Amino acid sequence: MEYNCKEFKVGKCEGEKLVDGETLPLVLTPPEPSKNGIESLLVALKNNKEWFEEMLVKNSAVLFRGFDVKNAVDFNDIVETCDWEDIRYVGPAPRTHIHKRIWTANEGPLSEFIYYHHEMVLIKEFPKAVILFCEVPPPEGGETPFVPSFKVTERMMEEFPEFVEEVEAKGLKYTFTALSNDNTTSMRGRGWQDAFATQDQEEAERRARALGMDVEWLENGGVKTILGPRALTKVFEGRKGRRMWFNTMVGMHGKELSSAMMADGTEIPENIVKRCEEIIEDESIQFKWEKGDVLFLDNYATLHGRRPSLAPRRVLVATCK
């Protein structure tokens, strides 16, 4: 579907890329200076809901820029205008609830790089859309880079076709160790009590199984979660039959609290992990946050991360089915 909406003007941002004929991200700005308020944005979204959803699938990422989005209340109004069902975050990132459907993004140390991932990629039910709002842009760094996932699959198939097909056949297995209590000094410091929203181990096990996890309790009070087999790639309806690199092999392989291997226990060669990391970085799209930016990501089609940053930086998030 071509761009044909009079209530938005197409803009540009530093770092945008042309990927298979589509601009990522698609930047939408006010059609005229007098229509830069939050109400104008809400009305335009409400009047063009179907068109906007098609643009998000078509371009994989849409950035609203130049609208006067001030805070979590405004951001929540945008999210609710889309009329998409909420999905509760499950994962290791420490986060704080702010307002209605709005949470902080990962509160781990700004000095750390949060590696590229599809949100909740290992959970049976994952978001269709990840929506981010920049309330306080960082003075340096702190970008939220994202990657068109199918490009990673294409290049991995070109360079390592036998490996890709072997893992497709076997699946992947992951382990992750969750602490007993939250540790905000780590980007993966969310404790199991917070993650599973219970202090009862039996209830935590039940909730883990419902999410497709097995668990092993540790002497230090933490828990080791085991997930697998999981797919290497996925194909989603309406996305041109593209095979998305829908895994977190690089992000979890050989880390202090996590591991990734083939589902039968076969180790993944280090050189392949390293080359995949290089490909993902090469395909990434970087842009600098501006105050009031709202970025919609198609979570089926894009991986995203966070660059190290100087303080202050405040980005809020909502996840939707």
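## Two strands to start with

Two strands pair if DSSP finds at least two bridges between them. Strands here (E, at least two residues) and helices (H or I, at least four) are DSSP runs, numbered from the N terminus. With those terms in hand, a good place to begin is Y174, which stands opposite A260 in β16. Strand β11, covering residues 172-178, runs antiparallel to β16, and 5 bridges join them.

How many residues of strand β16 are buried? Buried means under 20% relative accessible area, exposed means over 50%, and partly exposed lies in between, using a 1.4 Å probe and protein chains only. In β16 (residues 258-262), 5 of the 5 residues are buried, so the strand is largely enclosed by the rest of the structure.

## About the model

This is a predicted model, in which local features need pLDDT of at least 70 and side-chain atom pairs count only at pLDDT 80 or more, while totals for chains, interfaces and linings use all residues. Residues are numbered from 1 along each chain as its sequence is written, and side-chain values use heavy atoms, with hydrogens and water left out.

## The chain as a whole

The secondary structure comes to 9 helices and 19 strands. Along the principal axes, the C-alpha atoms fill a box of roughly 60 × 45 × 35 Å. The radius of gyration is taken over C-alpha atoms, and the globule rule is 2.2 Å times the number of residues to the power 0.38. For 321 residues, a compact globule would come out near 20 Å, and the chain agrees, with 20 Å.

Of the 321 residues, 55% count as buried. Contact means heavy atoms within 4.5 Å. Among contacts with a separation of 6 or more, 77% are between residues 24 or more positions apart. By the Shrake-Rupley method with a 1.4 Å probe, where only the protein chains shown count as cover for residues, the accessible surface of the chain is about 14400 Å², and 49% of this belongs to carbon and sulfur atoms.

For charges, Lys and Arg count as positive and Asp and Glu as negative, with His and the chain ends not counted. Each charge is placed at NZ of Lys, CZ of Arg, CG of Asp or CD of Glu. The chain has 42 positive and 54 negative side chains, and the centres of the two sets lie 2 Å apart.

## A hairpin and its tryptophan

Strands β12 and β13 pair in the antiparallel sense over 5 bridges. Within this pairing, D214 has I226 in β13 as its bridge partner. The hairpin has 5 residues between the strands, and G221 takes a positive phi near 95°.

W217 belongs to strand β12 (residues 213-217). Is W217 buried or partly exposed? W217 has a relative accessible area of 26%, so W217 is partly exposed. Leaving out residues up to four places away in sequence, W217 touches W192, Q201, A204, E205, G222 and V223. From W217 to A195, the C-alpha distance is 15 Å, with their positions 22 residues apart in sequence.

## Backbone points to look for

Most residues other than glycine have a negative phi, and most peptide bonds are trans. Against that background, here are some places to look. The peptide bond from G228 to P229 is cis, with omega near 0°, and P229 is in strand β13 (residues 223-230). Another cis bond joins A311 and P312, where omega is about 0°; P312 sits in the loop between β18 (302-306) and β19 (314-320).

Positive phi values turn up in M120, near 55°, and in K240, near 60°. M120 lies in the loop between β8 (114-117) and β9 (129-136), and M120 counts as buried at 7% relative accessibility. K240 is in the loop between β14 (234-235) and β15 (243-244), and K240 is exposed, at 61%.

## Two more loop residues

P137 is found in the loop between β9 and β10 (146-148) and is partly exposed, with a relative accessible area of 27%. Beyond its neighbours within four places in sequence, P137 is in contact with W289, E290, K291 and P312, the last of these being a residue of the cis bond with A311.

A105 lies in the loop between β7 (102-104) and β8. With a relative accessible area of 16%, A105 is buried. Its contacts, again apart from neighbours within four places in sequence, are P94, R95, V315, L316 and V317. A105 and A93 are 12 residues apart along the chain, and their C-alpha atoms are separated by 8.2 Å.
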